[in-house]
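Here's a quick briefing to read with the structure open. Have a look at the aromatic side chains and at one of the helices as you go.

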Amino acid sequence: MGIVEFSGVAFTTFQLKGAAYQWCRAYELGSPAEAASLTWIHFSNMFLREFVPQSLRDAWRTEFEQLRQGSMTVLEYAVRFSDLSRYAPALVAAIRERVCQFIERLNLGIRFSMAQELEMDIVYWQVVGIARRLKGIWTREREEMEALRF
């Protein structure tokens, strides 16, 4: 667990205003004193349900389901993948599912080169790092080939 899991709820709720503040305050007052601390995942899911319309969450889920790297850099794709994946938790519930979904939506060349990562126990951000390095290598090789042609 990282800093977000430990401090994210406290930091975020401290900044709430208006209706969001009132909603959070009502939750706190309605919770038993001995209740476990609210986790970031639970808080963010409750917040989304309360303040983001279902139609918008459905649209983001559909966008995630259709997401492909396309013309994005690997980093842009990874950020978009992470942002949208929270709206399709069933598709990326396990680390392995998340890694497979990420790799399978990469552009063909990178996806092909990362076939062995599909067979390994590897975490998501390691996969992102490998994909970024591969793209960097291919870009440099292409530039060197172009320079040799002239």
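What follows covers ring pairs, an aromatic cluster with its charged neighbours, and one helix.

Keep in mind that this is a predicted model. Across the whole structure, a search turns up 13 aromatic pairs.

**Trp23, Phe47 and Phe43**

- Take Trp23 and Phe47: their ring centres are 5.7 Å apart and the planes meet at 75 degrees, so this pair counts as edge-to-face.
- That pair ties together distant parts of the chain, with Trp23 in helix α2 (residues 18-30) and Phe47 in helix α3 (residues 40-51), 24 residues apart.
- Phe47 also pairs with Phe43, this time in a tilted arrangement, with 6.0 Å from centre to centre and 35 degrees between the planes.
- The tilted label applies because 35 degrees falls between the 30 and 60 degree cut-offs for stacked and edge-to-face.
- Phe43 and Phe47 both belong to helix α3 and sit four residues apart, or about one turn of the helix.
- As for burial, Trp23 is buried at 16% relative accessible area, and Phe43 is buried too, at 2%.
- Phe47 comes out as partly exposed, with a relative accessible area of 25%; that label follows because buried means under 20% and exposed means over 50%.

**The aromatic cluster and its arginines**

- Phe64, Tyr77, Phe81, Phe102, Tyr124 and Trp125 come together as one aromatic cluster.
- Two arginines are worth a look here: Arg98 has its charged end over the ring of Tyr124, 4.4 Å from the ring centre, and Arg105 has its charged end over the ring of Phe64, also 4.4 Å from the centre.

**Helix α5**

- Helix α5 (residues 74-85) is twelve residues long and spans 16 Å from its first C-alpha to its last, close to the 16 Å expected at 1.5 Å a residue.
- Which residues of α5 are buried? They are Val74, Tyr77, Ala78, Phe81, Leu84 and Ser85.
- Look down the axis of α5 and those buried residues fall within an arc of 145 degrees, so they line one face of the helix.
- The buried residues of α5 pack against α4 (54-66), α6 (95-104), α7 (108-113) and α8 (124-149).
- Tyr77 and Phe81 link this topic to the previous one: both are among the buried residues of α5, and both belong to the aromatic cluster.

Methods
Residues numbered from 1 in each chain as written. Predicted model: local features only at pLDDT ≥ 70, side-chain atom pairs only at ≥ 80, totals over all residues. Heavy atoms only, no water. Phe/Tyr/Trp six-rings, centres within 6.5 Å; stacked < 30°, edge-to-face > 60°. Helix = DSSP H or I, 4+ residues; strand = E, 2+ residues; numbered from the N terminus. Buried < 20%, exposed > 50% of the residue type's maximum accessible area, 1.4 Å probe, protein only. Lys NZ or Arg CZ within 6 Å of the ring centre and 35° of its normal. Expected span 1.5 Å × (residues − 1). Arc of directions from axis to C-beta. Contact = heavy atoms within 4.5 Å.
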